[in-house]
Amino acid sequence: MAKIYPLRRTSTLALRQRKAHLLRAFKPPPHLLHASLLERFLTCGKAGCHCHAGGPKHGPFFYLNRCFPKGQLQSLLLKSPEQIAQARHSLAAYAHAQEVLDELSQINYELLRRGEPLGGTDA
């Protein structure tokens, strides 16, 4: 969920300075990943296995899921601890980029609410 920044009492100059700072500092890393990481425990196909008799299920198995238009889902099984670590790092980078974009959007909204232009020398 997006963080809501208290901007109504912030001066227009301070908003423009914060916006300029965010734009200067924002350098999205090349490893961004927009997906969901799922950890699953599954039952196998062997009828006599402990996972069918109330015992612990097999796993954990880690999957990356991506949603596409028209309800399409793409799923990828991550097979190594290195892949899982890379996925976690990339998902965190995406979340951070989204937070920066959300703050920029809120600043722009507040500037428009005040009748201020969005473009110009500050970006």
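Helices, taken as H or I with at least four residues, and strands, taken as E with at least two, are DSSP runs numbered from the N terminus. The exercises below apply these terms to a predicted model.

**Exercise 1. Describe helix α2 and the residue that takes a positive phi just after it.**

Solution. Begin with the extent of the helix: α2 covers residues 81–113, which amounts to 33 residues. Next, compare its reach with expectation: from the first C-alpha to the last, α2 reaches 48 Å, close to the 48 Å expected at 1.5 Å a residue. Finally, look just past the helix, where Gly115 takes a positive phi of about 80 degrees.

**Exercise 2. Determine the strand order of the sheet, the sense of its pairing and its edge strands.**

Solution. Start with the order: three strands form an open sheet arranged as β1-β2-β3, and the pairing is antiparallel. The edges are then β1 (36–42) and β3 (72–78), each of which pairs on one side only. From one strand to the next, the twist averages 35 degrees.

Now take the two pairings in turn. β1 and β2 run antiparallel and are joined by six bridges, and within this pairing Leu37 has Leu64 in β2 as its bridge partner. Strand β2, residues 58–68, pairs with β3 in the antiparallel sense over seven bridges; here Phe62 stands opposite Leu78 in β3, while Arg66 has Gln74 in β3 as its bridge partner.

The last step is the connection: the hairpin of β2 and β3 has three residues between the strands, and in this hairpin Lys70 takes a positive phi near 65 degrees.

**Exercise 3. Work out how helix α1 is oriented against α2, and which residues of the two helices meet.**

Solution. First consider the axes: those of α1 (residues 12–25) and α2 come within 10 Å and cross at roughly 150 degrees. Because angles over 145 degrees count as roughly antiparallel, α1 is roughly antiparallel to α2. The handedness completes the geometry, since α1 passes α2 in a left-handed crossing.

Then identify the contact. On the α1 side the residues are Thr12, Leu15, Arg16, Arg18, Lys19, Leu22 and Leu23, and they meet Val100, Glu103, Leu104, Ile107, Asn108, Glu110 and Leu111 in α2. Sorted by character, the residues of this contact of α1 with α2 divide into seven nonpolar, two polar and five charged. For reading the spacing of such positions, recall that an α-helix has 3.6 residues a turn, so residues three or four places apart point the same way.

Conventions:
Residues are numbered from 1 along each chain as its sequence is written. This is a predicted model: local features need pLDDT of at least 70, side-chain atom pairs count only at pLDDT 80 or more; totals for chains, interfaces and linings use all residues. Side-chain values use heavy atoms; hydrogens and water are left out. Two strands pair if DSSP finds at least two bridges between them. Axes are lines fitted to C-alpha atoms, for helices over the stretch in contact, and angles run from 0 to 180 degrees between N-to-C directions. The expected span of a helix is 1.5 Å times one less than its number of residues. Angles under 35 degrees count as roughly parallel, over 145 as roughly antiparallel, 65 to 115 as roughly perpendicular and the rest as oblique. A crossing is left-handed if the near helix is turned anticlockwise from the far one by less than a right angle, and right-handed if clockwise. Contact means heavy atoms within 4.5 Å. Ala, Val, Leu, Ile, Met, Phe, Trp, Tyr, Cys and Pro count as nonpolar, Asp, Glu, Lys and Arg as charged, and the others, Gly among them, as polar.
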